[in-house]
Amino acid sequence: MKNNFFFLLFFFFLFSFSQKKEKSSTYFDAQIFRGNIYKHTNDISHLITGHPNGFMLSYNWKTFGKKEWQQIYNYPDYGVSFHYLDFKNNYLGHNFALGIHYNFYFFNRNLMFRISQGIGITSNPYDKETNNKNNAFGTRVMDNTYALLQYKKENIFGKIGLQAGFMLTHFSNGRFKAPNSGINTIVLNLGLNYNLDEEQEFIIDSLPSKERYKERIKYNIAFRTGISEGPVPALGQRQFYHIGLYADKRIGRKSALQLGTDVFLSRYLKEYIQFVSVAFPKNHKDYTDSNTDYKRIGLFVGHELFINKLSIETQLGYYIYKPFDYETDIYQRVGAKYYLYKNIFTGLGLKTHGGRAEAIEATLGIRL
């Protein structure tokens, strides 16, 4: 049961990503890559012993403007991808990932940006007895996110084209279970693409007036929950409840700006405070009284990018109430929302402090 959350995460994105199929062109791409692990914390220094390499296989569907959002976003592609990564480290082993993605195009469609969300599996997760040096992956099944920026050219030799660029891939269980330093890998990649169908013409219609997207200020209530564990293994997984109250203002077809507050009831912090109170003597710099309040309150600004019924949400916050000195005073959130109805949404997001994940949040909310 402990890994079911990640399957729910993946299938949420699969659901929000899937659409009523329409006749479209498809293509396949295959890539190889090699790069470096980014040392976002000194805790993973012993895990960086070589240059990771691997490969990626992707299947893509093109869009041609049959829906308004396709024209607004310059006719993106969507698809599924599989990639393999060998970390060149005995403790980390190798990872596999299956994800779904969107490809967005710029500069006369020669520059492609891909964002993907999916599930990762590692060959060598943390084990207290057999692999206690792997403080990056506390579970075998994890979340995987990657971003790809490439020069892409199709139909150079018949239906065969070329693409090359950079990729950042991130594996983490979102503090679902400790340890969880996570691994970020930056690689150079090179690959070929092959068009499986004949090209279609883009549909270029006059889009609705921008006036249509003028809205009054909307007020949102978001309830976020999940399971998380403190930074020390075996303290135990605990439920958390994060409540967000915020206002947003639509500023165009694609965007809305947000301003609001979060209340964090992270029960794993109660356990961690108890641990710190007995692990260190009173005169130690890290000592904390066992009665210290575990609750936190933050203020944040954010942005929501609308893509059909799916939207991408990014937020930057600052704790105004945080009695327990834990992580930094600044936090971030990135996630996806899916509007079930006009004013009701669900979603999944990742709350972090810089490069350190704290929680994967399942969300249910209302926009009034």
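Tutor: Ala, Val, Leu, Ile, Met, Phe, Trp, Tyr, Cys and Pro count as nonpolar, Asp, Glu, Lys and Arg as charged, and the others, Gly among them, as polar. Keep in mind that we're looking at a predicted model.

Student: Okay, what makes up the lining of the largest pocket, by class?

Tutor: Sorted that way, the lining has 25 nonpolar, 16 polar and four charged residues. Ile115, Ile312 and Val334 are among the residues nearest the pocket's centre, and Ile and Val are on the nonpolar list. Gln117 and Thr145 lie nearest the centre too, but Gln and Thr fall among the others, so they go down as polar.

Student: How much space is in there, and which strand gives the most to the lining?

Tutor: About 1,100 Å³, and strand S4 (residues 94-106) gives the most, with six residues.

Student: Why is the other kind of space called a cavity and not a pocket?

Tutor: Because a 1.4 Å probe fits in a cavity but cannot get out, while a pocket is an open set. Counting those of 30 Å³ or more, there are two cavities. The largest cavity holds about 70 Å³, so it clears that cut-off.

Student: How do you know that five residues of its lining are charged?

Tutor: Check the names: Arg224, Glu313, Arg333, Lys337 and Glu361 are in the lining, and Arg, Glu and Lys count as charged. The rest divide into three nonpolar and four polar. Gly335, Gly347 and Gly349 are in the lining, and they land in the polar group because Gly is put there.

Student: Which strand gives the most to that cavity's lining?

Tutor: S14, with five residues. Strands S15 (344-353) and S16 (356-367) each supply at least two.

Conventions:
Residues are numbered from 1 along each chain as its sequence is written. This is a predicted model: local features need pLDDT of at least 70, side-chain atom pairs count only at pLDDT 80 or more; totals for chains, interfaces and linings use all residues. Side-chain values use heavy atoms; hydrogens and water are left out. On a 1 Å grid over the protein atoms alone, a cavity is a set of points where a 1.4 Å probe fits but cannot get out, and a pocket is an open set with protein on both sides within 12 Å along at least five of seven lines; lining residues have an atom within 4 Å of a point. Helices (H or I, at least four residues) and strands (E, at least two) are DSSP runs, numbered from the N terminus.
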